[in-house]
Amino acid sequence: MSDTASLQGVSEAQLLIPLGDYHLQPIAHQKRATRNADLWSPLRYPGGKRQLVPFFVDLLKLNDKSPLDLFVEPFTGGAAVSLHLLAAGLVERVVLADLDPLVHAFWHQACFNTEQLVSDIQAAEVTLQEWHRLRADPGKTLREKAYACLFLNRTSYSGILQGRAGPIGGQKQQSKYKIDCRFYKDEIVFRLRQIGELAASGRIAAVRRTDVHATVRWVEKSYSESSRLYYFDPPFWDKGERLYRKAFGQKEHERLAKLLTGLHTPWVLSYDYHQEIIDLYRSSAQEANQDESDLVPAGSPRLHTTDLLYCNRHEKRGATELIITNLSKVPEERINDARR
Ligand SMILES: C[S@@+](CC[C@H](N)C(=O)[O-])C[C@H]1O[C@@H](n2cnc3c(N)ncnc32)[C@H](O)[C@@H]1O
């Protein structure tokens, strides 16, 4: 039975499996003392993949890749997975890249101008007026854009930086939750300084504002000697354009499939679960195989699914995540293996 056929025969409920001991916690409930070997992103990123951390921890161990020389996130967003793997010592260095100029500016300043961003955050007046000012004009310099990114991320609904997402608490601020309810300055500063330390010791090797294709070309050229793993987390197939300032249309999804099915370096890709994506990766892998039989390492990319819990103030909802990888071993207990 093919992977696709076996996937089609499995109900949604069967695809959902528990992710072990990980679950989302609001900042107020986290104990700082227990986080020495951990690092949480200062960004509340829409579609952030913090919940995939246990999957990556087990994946690295299973494939004898820990510690790994280099972990690359070409769609960085909030960099949830990179930060955890770095802090836990499972990877030596990471490369972060994102095409969104605000997101790039944030990571650049957090890493290489930490104290400047810290002082901007400490001085921030977390008001509706400031929110409107930054939405109208996030600024031109890296410093301005980094501040705007972090401010808007922590004061807008679901951390969304664009479009229809309004300020937390609404335009009238009549809700119990006001615009500053997620702007924990001390905690944000603590996280920024952890990031600054990692960057100062060279463990955040590069922060780039590049398209995914340029990132892969650059990494393959610059780090060909290093053991490396890519984690691709592109904008959602469905409704991605509502969440991110950089759109990713059908053409981009197809180009990404071509890039990955021709890439020899180990990679993991995560997506919201859609049959079209499975079909796309199957046909792309087949094409790559036809052109040159050894293009796709270890046979075709493998499909797996796991569950994630996305939550906001009003609801918690589960979603099945599609994981595609060219690694041969995946942690069975973390996924529902589509090959079975
Ligand atoms: C799903 S989010 C990544 C979330 C991240 N994994 C996390 O845990 O926070 C996708 C990111 O891809 C970025 N992006 C969109 N198009 C891109 C492109 N062509 N190249 C690189 N990054 C892109 C968006 O700006 C967005 O930050």
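This is a short guided tour of a predicted model, from the whole chain to the ligand, the cores and some aromatic pairs.

**Stop 1: the whole chain**

Start with the protein chain as a cartoon. You should find 13 helices and eight strands. Now colour by burial: of the 340 residues in the chain, 56% are buried. Switch to a surface view, and the protein chain exposes about 15300 Å², with carbon and sulfur atoms supplying 49% of that area. If you draw contacts between residues with a separation of 6 or more, 74% of them join residues 24 or more positions apart.

**Stop 2: the ligand**

Next, select the ligand and the residues around it. Which residues come nearest? Of the 23 around the ligand, they are Tyr45, Lys49, Asp98, Asp211 and Asp233.

Take three of these in turn. In the side chain of Tyr45, an N or O atom sits 2.5 Å from an oxygen atom of the ligand. At Lys49, show the backbone: a polar backbone atom there is 2.8 Å from a ligand oxygen. For Asp98, go back to the side chain, where a polar atom lies 2.7 Å from an oxygen atom of the ligand. Taken on its own, the ligand has 600 Å² of accessible area, and the protein covers 99% of it.

**Stop 3: the nonpolar cores**

Hide the ligand and select Phe56, Phe71, Trp107 and Ile204. These belong to the largest nonpolar core, which has 65 residues, and they touch the most other members. Centre the view on Phe56 and show what surrounds this residue. Leaving out residues up to four places away in sequence, Phe56 touches Phe71, Val81, Leu85, Tyr231 and Val268. Apart from the largest core lies another, of 27 residues; to find this second core, select Val212, Trp237, Ile277 and Ile324, which are among its members.

**Stop 4: aromatic rings**

Return to Phe56 and add Phe55, Phe71 and Tyr231: the four form one aromatic cluster. Across the model, the count of aromatic pairs comes to 12.

For one of these pairs, select Phe75 and Phe232. Their rings are edge-to-face, with 6.5 Å centre to centre and 65° between the planes. Where in the fold do the two residues sit? Phe75 is in the loop between β1 (68-73) and α4 (80-87), and Phe232 is in strand β4 (residues 228-232), so the pair ties together parts that are 157 residues apart in sequence. Phe75 counts as buried because its relative accessibility is 14%, under the 20% cut-off. Phe232 is buried too, with a relative accessible area of 0%.

Now move to Trp218 and Tyr223. This pair is also edge-to-face, at 5.7 Å centre to centre and 75° between the planes. Are the two residues buried or partly exposed? Trp218 is partly exposed, with a relative accessible area of 25%, whereas Tyr223 counts as buried at 12% relative accessibility.

**Stop 5: a buried glutamate**

Finish at Glu130, in helix α7 (residues 128-136). Is Glu130 buried or exposed? With a relative accessible area of 13%, Glu130 is buried. Show the surroundings, leaving aside neighbours within four places in sequence, and you will see Glu130 in contact with Glu125, Tyr147 and Phe151.

How values were computed
Residues numbered from 1 in each chain as written. Predicted model: local features only at pLDDT ≥ 70, side-chain atom pairs only at ≥ 80, totals over all residues. Heavy atoms only, no water. Helix = DSSP H or I, 4+ residues; strand = E, 2+ residues; numbered from the N terminus. Buried < 20%, exposed > 50% of the residue type's maximum accessible area, 1.4 Å probe, protein only. Contact = heavy atoms within 4.5 Å. Core = buried A, V, L, I, M, F, W, Y, C linked by side-chain atoms within 4.5 Å. Areas by Shrake-Rupley, 256 points an atom, 1.4 Å probe, with all protein chains shown as cover. Near = heavy atom within 4 Å. Polar contact = N/O pair within 3.5 Å; in protein donor to acceptor, adjacent residues only side chain to side chain. Phe/Tyr/Trp six-rings, centres within 6.5 Å; stacked < 30°, edge-to-face > 60°.
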